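This report concerns the charged side chains of a protein model and the helix that lies among them. The sequence and the structure are shown first.

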Amino acid sequence: MVMEQTEIKEGADFPATNAREQPINRLFGTQPAAWLYLLPSLILFAVFVFYPLFRTLQLSFFLSDSKGLPTVFVGFNNYARLLSSPEFLASAGSTLLFVLYTVPTTIILALILALLANEKLKGIGFFRTIFSSSMGISVAASSVVWLFIFNPSAGILNRLLSLLGVTGINWLADPNWALFSVSLTTIWLHLGFTFLILLGGLQNIDEHLYENAQIEGCGYWYRLRRITLPMLSPTLFFVITVSMIDAFQTFGQIDLLTKGGPGNATNLIVYSIYQKAFINFDFGMASAEVIVLFLCILLITALQFKFGERKVHYQ
Amino acid sequence: MKSVELIDVTKTYGNGSVIIKNLNLSIQSGEFFVLVGPSGCGKSTILRMIAGLEGMTSGTLLIGGKPANLLPPSKRSLSMVFQNYALYPHLTARENIIFGLKAHRIGKDIVEKRLREAAEMLNLAPCLDRKPRQLSGGQRQRIALARSIVSEAPICLMDEPLSNLDAKLRARMRSEIRRIQRKIGTTMIYVTHDQIEAMTMGDRMAVLHDGTVQQIGRPIDVYNHPDHTFVASFIGSPQMNLMPAVYDDVQKILRIGASWTITRELPIAGGEVILGIRPENIHPATHPASAQNKAIHFSANIIDTEILGNETQLTFLLDHQTWTAKWEGQWTIPDQSAQEMVILPENLLVFDRKDGHILYDPKRSQKVEEVTV
Ligand SMILES: Nc1ncnc2c1ncn2[C@@H]1O[C@H](COP(=O)(O)OP(=O)(O)O)[C@@H](O)[C@H]1O
Ligand SMILES: [Mg+2]
């Protein structure tokens, strides 16, 4: 018996067509009509993404008036001011810490919950609903709830602590605890969404793979390590990327819980941008900070794709 | 190698539907046993209960003579090949094959030796380093087989392993699986909906219908002596002609339809019956059978002929009932022309019209007593 031994070729060589060589086709490809279909989303992107981005970039090279209109061209002066300001450096530091506190914790917790909720048990649907419920609650509503929870005198956290005989913590006003408290709220807030995506990923894994492993006598951890995690890796990669970007852009819960305080302990980058632009009316510097944040996220995401994606198995 | 025995096994799913009713099977050690039946009759459920992937509602499972109801799947000394192969898409063929061995921390030398043997047996060497999606359907199928071989489990379960392959490859894999089973000597429990696989591969087969066993026996015995109209129609292609008839036990006449009669004494009570005859037992008038004086001659209008290489399938009408005949050779017969045909009475089977059970099988007395359980 003979088997097919042909190698699978990457990108088979198609014969070059004459049409490709014509300039109009070089610009629009061999199927110019495709652009017509892309037009609606291109217009939306142009209006809501590319144009604002371009204006922000432009603004970051200018001083501005209080309406945000550019007045004097200052080149990279805004960037220089920004990068040498201790307030910005503190902000960047808190943001990094915040990402470090929230992203891994959220994903690990959500993964554990998703693994539990993926078991075939009676009444598991109830837990699936509960675990994903924080997805349906707005940032504003949950921040208000957490304000009550964190309340130094009446909040449930401090009451629990006092039951244990520990003195209460001023969760949101203590510079040592404020970032932690905001992170806690954020983890809770993002848990539902992350859980749901991971559960969806788990349910997509072919049941027969586990049945085969069961027959072959593979233990739980072996199955988790050799089947579940590799098969879940595209979903995990997606969740990690989105959570990182999300964490870098946190704004709502800061505004509602701490307003960047105490001191500058929770003054994350997006909040500091907001303050610069809409409280100090320093639009030029705020724009420069936006661009810096944008480049940082771009860089981190690019690095993730370069190094993380290698470990990802796509079907 | 180990035997497998199912005693009074019943399976009910949560919604209350009874899928398997009082199943009794006894599969000998080293036997190639085929479970065959139409889709949805409960074949996979039986296999999964043997594997321990599905619980039994009641009944006993013995593996190697020992009760196995409560054993986890890994302790039942079996391997399984799934219909969709259940290969790990992120692992290479090699890693797929030794997946289970690695989990058991079996020594490297042994793993390598078994892998080499299995790869050789199945001609897998060139594709060991590829991932499943880079393999053809037939290669994936063989990876799944190899995985089951290297486990060296005494019992092997296969759930329609060939149904995703094209006809040619299927024919080749039929004999290949059979060859490997003979060589290794595993007890094989093979599920299929394809009666050709059941006929060609099994030492014995069980024909299932709606969760009950209709008949168990060697393929040729089941083919020649079906116990039931269901078995008669399910096994054999083209299927057996089954026609409603009435036996008059006073005049000793079998009436088929309105105008056809066969005068013959049958050892059965009179009443409504079903007459069965295999297409290959309806011969042209030129056949040597027509020389026998007990031969039954008749003439019918041919409505269709299909020449399949060296045999010809004819469709004809007797009293608005469609019959099929299979003749050797290539016959070109114009449609709507009358054709003389002949049948021998010893090839006629008579079934009860109410419950479908066999009433009269002239050749049955001559056959070897089948192994019944
Ligand atoms: N988990 C389940 N819950 C309820 N009914 C099921 C389940 N699995 C299978 N069935 C039913 O059991 C019957 C037999 O299924 P199966 O054993 O897969 O048939 P086969 O393999 O012979 O095609 C079918 O009618 C199917 O609908
Ligand atoms: Mg099935």
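A salt bridge is taken here as a side-chain nitrogen of Lys or Arg within 4 Å of a carboxyl oxygen of Asp or Glu. The model is predicted, so that local features need pLDDT of at least 70 and side-chain atom pairs count only at pLDDT 80 or more, whereas totals for chains, interfaces and linings use all residues. Residues are numbered from 1 along each chain as its sequence is written, chains are lettered from A and ligands numbered from 1 in the order in which they are written, and side-chain values use heavy atoms, with hydrogens and water left out.

Over all chains, the count is 20 salt bridges. Three pairs of chain B are listed below.

| Pair | Closest N to O distance |
|---|---|
| Glu346(B) and Lys294(B) | 2.9 Å |
| Arg364(B) and Asp361(B) | 3.3 Å |
| Glu54(B) and Lys11(B) | 4.0 Å |

Secondary structure follows DSSP runs numbered from the N terminus, with helices (H or I) of at least four residues and strands (E) of at least two. Glu346(B) is placed in the loop between strand S19 (338-343) and strand S20 (349-352) of chain B, and Lys294(B) in the loop between strand S15 (282-284) and strand S16 (296-308), so their salt bridge joins parts that are 52 residues apart in sequence.

Burial is expressed as relative accessible area (buried under 20%, exposed over 50%, partly exposed in between; 1.4 Å probe, protein chains only). Glu346(B) is partly exposed at 29%, and Lys294(B) is partly exposed at 40%. In the second pair, Arg364(B) is partly exposed at 23%, while Asp361(B) is buried at 11%.

Glu54(B) and Lys11(B) form a salt bridge. This pair also links distant parts of the chain, 43 residues apart: Glu54(B) is in the loop between H1 and strand S4 (58-63), and Lys11(B) is in strand S1 (residues 4-12). Lys11(B) is buried, with a relative accessibility of 7%. Both residues belong to a network of salt bridges that further includes Glu211(A) and Arg48(B).

Arg48(B) is one of the buried residues of H1(B). This helix, residues 43-51 of chain B, is mostly covered, with 8 of its 9 residues buried. Among them are Ile46(B), Leu47(B), Met49(B) and Ile50(B). After H1(B) comes Gly52(B), which has a positive phi near 90 degrees.
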